[in-house]
Amino acid sequence: MTDSWTPTACILCECNCGLDVELGGPDARHLVRLRGDKRHPGSRGYACEKAHRLDHYQHGKDRLTSPLRRRPDGTFEAIDWDTAIAEVAARLTAVRDTHGGDTIFYYGGGGQGNHLPGAYATATRKVLGSRYRSSALAQEKTGEFWVSDRVMGTATRADFEHCDVALFLGKNPWHSHSIPRARVTLKAIAADPARTLIVVDPRKTETAELADIHLAVRPGTDLFLMAALLGLLVAPANSARLDHAFLDAHADPGELALALDLLAEIDIDACIARTGLDPALVHRTADVLANAKALASFEDLGVQMNRDSTLVSYLHRLLVCLTGSFGKPGTHFAATTLVDLGNGASSRLSPVAQARIVGGLVPCNVIADEILNDHPARYRAMIVEAANPAHSLADSKRTRLALAALDTLVVIDTAMSETAKLAHYVLPASSQFEKAEATFFNFDFPENVFHLRRRLLDPLPGTLPEAEIHARLCEAMGAITEADYAPLRAAASQSRAAYLGALMSRVMPNPRLAGLAPVLLYRTLPLPDDRKEGAVVLGLVLKAALEHGPSLRRAGHAPDARSPLDLASALFDTILDSPSGTVFAVDTWDEVRRRIKTPDKRLHLYLPDLADALRLALATPEAHDADFPFVLSAGERRSFTANTIIRDPEWRKKDPAGALRIHPDDAAPLGLTSGDRVRLTTRRDSVVVPVEVSDAMQRGHLSLPNGLGLGYDDAVTGIAPNELTDTADRDPFVGTPWHKRVPARLTAVA
Ligand code: SF4
């Protein structure tokens, strides 16, 4: 290793693998070579092909370099930062003072690798009294969060490194990752005859190709497969293999009995028939699950953005619990985290659509409904940060209408996104390599990792890190003054201990200041320039030290520290001094079993509302729509897709236009071969798209990649999937969109 390599991380998926970067080119600002960073304690040198061309992100032609203000004619004019901050602060406070802070909606807060903006935005939202928010998580995970919270009181992840049976539901980790070193782990499972890799996916994906059992269900029939598997699991022949010791120790006995009765009612043969699978293969799978010593499982967007998604999550939870796949090596765990992302508690409704808010997130599919009406509580203003809802939310046309109907739309982003084009003000953020950054998607076990990436490059002139933007907004709104900073600065000049003491005694007990803590930390905590935006992490570490002291101590952070403050201080110093990341918590499996956090610490396996919905769903005949005979999966992860993080189409080495994948038997009647174009029509739009004929697809199933259809350099490449989707197609419980089940038809074009 030479001095020319500098550690950072990939920003293209939630794994945030550690990278070494070599800078070069004009002003040494280009990321000319990248490779996996072997010192990163989580990824240990791993990186997939997506990471190697990150310079297309750093040097996108649509990087913003000046705040922009919309003119009455719809064009933008550049303004200076002082003017922008003053006007944005004035407009947002005017909305607050006229209509109430609840009418200011916040969307985003971070992409795959930049979660610190969302942490700083909490201060701005506090000043504005903004209580409603959402993010991409509400497009995917809220059903799982809601069910997990009700059943177990916690979200879980699984230990695929040590399982003997790995089950992926609607997931292709080869491309979507989500587990550390995904391809290494998948290959290891596939190569070991003592282990079984099970993939549930209509497509023959790269992961399915490796699988011992590929359950290629008919699209949208995952619920029937799960019902059949659970019906088989509780059948008399297998029921002795349920983990009765685990269930006796942890489950509510009355609810366990009801859940077993519910599963015993299932018409297994009818369910299997709906899936289109060979019954023998389903029976074999049930045997494998029943005999698993350590089952690790993962449900993802293939089922979570599909019909019956929350019911599938419920049955998945039952599978985990009935097989005792929690709290022992190779099974599920609840990790120590710095930020609790998996809180599925739901006691609030959105103000207009009265949609269930899970984990604090308003369902994305009702956001337009919350705006496009005359209700006095409708959202009047929106702050969008590091997100692109005009592209990523269902029914882009209606989303654009909603965004255009707002009194004020402020977008904070690095590039001129589809959402920024609709904004009243656009505030240009520094890139993820031009500031200190981090992700809170840290779910490793038993050793969990945190990586505060250092600033690699100076901010592009004209841009500001989000921490600075939020600090300036809070100051411009008159919420923070020098008098608030002074005691913390004085304490900081003495010692870290004095600073933490001032934080605990002056800030945290004061509701006004506690809500502004991120900005107070950012302005007063002395840090090196290349880690300045990491200030907010001290607050998170302090909270973790108070809540998870033993786990942090096991990681070797000041094991002799007498107080949580000493522990927090030591861990924060380690984080600052670890350019490739550090292990911040070490857990034990015994401890995991104590992390069932329902109010009575029991597993609640029978959820009456979901049980009723399950009975109804299983009894409802398949509906066929002759107008739309195909099922379109709108947004498939492929080799070179990464949401909308990289806008430059040159980044993609493969499939630059984002072809529609189609089975050969569906292509033939239309006379299609790969590269031909076809008209694709849904209830919301009709587009012409190139096709790729692929036997990875099933008959009747189509797929388009995610992240295409972005405007770049005066051209749009590919189809934006949400031009084709409909907000009405959503889960009835938590509102997650059915992007993977869009009714569609094809017609030939000349
Ligand atoms: S895309 Fe994900 S798995 Fe691939 S290098 Fe980046 S962070 Fe790692």
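**Exercise 1. Is R183 buried or exposed, and which residue does R183 pair with in a salt bridge?**

*Solution.* R183 has 13% relative accessibility, so R183 counts as buried; buried means under 20% relative accessible area, exposed over 50%, and partly exposed in between (1.4 Å probe, protein chains only). Before going on, please note that this is a predicted model, in which local features need pLDDT of at least 70, side-chain atom pairs count only at pLDDT 80 or more, and totals for chains, interfaces and linings use all residues. Residues are numbered from 1 along each chain as its sequence is written, and side-chain values use heavy atoms, with hydrogens and water left out.

Next, the partner: R183 forms a salt bridge with E49, with 2.8 Å between the closest N and O atoms. A salt bridge here is a side-chain nitrogen of Lys or Arg within 4 Å of a carboxyl oxygen of Asp or Glu. E49, at 22% relative accessibility, counts as partly exposed.

**Exercise 2. Work out how domain 1 and domain 2 meet.**

*Solution.* Start with the bounds, which come from an automatic or database domain assignment: domain 1 is 5-58, domain 2 is 157-332 and domain 3 is 623-748. The C-alpha centres of domain 1 and domain 2 are 34 Å apart. Each side brings 10 residues to the contact, where contact means heavy atoms within 4.5 Å.

Now the area. About 900 Å² is buried between domain 1 and domain 2, 48% of it on carbon and sulfur atoms; buried area is the accessible area (1.4 Å probe) that two parts lose on being put together, summed over both. E14, R44 and Y46 supply 53% of what domain 1 buries against domain 2, more than any other three residues.

Finally, count the salt bridges between domain 1 and domain 2: there are two.

**Exercise 3. Which residue forms a salt bridge with D369, and where does each partner lie?**

*Solution.* The side chain of D369 meets that of R398 in a salt bridge (2.6 Å, N to O). D369 sits in helix α16 (residues 367-371) and R398 in helix α18 (residues 396-404), so to speak of distant parts of the chain is fair: they are 29 residues apart. Helices (H or I, at least four residues) and strands (E, at least two) are DSSP runs, numbered from the N terminus. For accessibility, D369 is partly exposed at 23%, and R398 is partly exposed at 25%.
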